[in-house]
Amino acid sequence: MLVRLLYCSRAVDSSPAAIEAILDKAREHNPVSGITGILCYGGGIFLQAIEGGRMQVSELFGTIQKDPRHKDVALLHYEEILERRFGGWTMGQVNISKLNHSILLKYSEKPELDPYAVSGKVSLALLEDLMATAAICGRS
């Protein structure tokens, strides 16, 4: 049973080194659990989609909720899926500061990443758009 979970959180430390440490840990641990996904970050906010088995995704989300590197963790969207959309990445990444801000304006009132202010479906649509425009990078 495959599922997709989308959540957002605020970074306790949004330095490049802290972001890279989160990505490195995900890339190390996710393949063993069959987890794939992407992390979008900017302005101290994380927006992350994770896909995999129901139990593995649930356990990972529980770990994230307790992770001291995150605060204000909010579940945005959860669904059973037929196939992965973000299966090409053990943890792809998008740095919002490097994007054309018109893509953010397409999905929100202001050209900034604020998943707390939009629906989970809107945040998922943003991630799909970022994937379609090749804004996601990272090692598979």
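So, D72 first: at 44% relative accessibility, this residue counts as partly exposed, because partly exposed covers the range between the under 20% of buried and the over 50% of exposed. Please keep in mind, everyone, that we're looking at a predicted model. D72 belongs to strand β4, which covers residues 70-81. What is the phi of D72 near? The value is near 55 degrees, so positive, and D72 is not a glycine. That's a nice one to pause on, because most residues other than glycine have a negative phi.

Let's move over to helix α1, residues 16-33. With 18 residues, α1 reaches 26 Å from its first C-alpha to its last, close to the 26 Å expected at 1.5 Å a residue. There is a bend in α1, though: a kink of about 25 degrees lies at R27, shortly before the proline P31.

Which residues of α1 are buried? Here they are: A18, I19, I22, L23, A26, R27 and N30. As you look at that list, remember that an α-helix has 3.6 residues a turn, so residues three or four places apart point the same way. R27, then, is on the buried list and is also where the kink lies. Right after α1 comes G34, with a positive phi near 75 degrees.

Last stop, friends: L105. You'll find L105 in helix α3, residues 102-105, and with a relative accessible area of 45% this leucine is partly exposed. Leaving aside residues up to four places away in sequence, L105 touches K110 and P111. And to tie back to α1, L105 and A26 are 79 residues apart in sequence and 29 Å apart in space, C-alpha to C-alpha.

Definitions and conventions. Residues numbered from 1 in each chain as written. Predicted model: local features only at pLDDT ≥ 70, side-chain atom pairs only at ≥ 80, totals over all residues. Heavy atoms only, no water. Helix = DSSP H or I, 4+ residues; strand = E, 2+ residues; numbered from the N terminus. Buried < 20%, exposed > 50% of the residue type's maximum accessible area, 1.4 Å probe, protein only. Contact = heavy atoms within 4.5 Å. Expected span 1.5 Å × (residues − 1). Bend = angle between axes of the 7 residues up to and from the residue.
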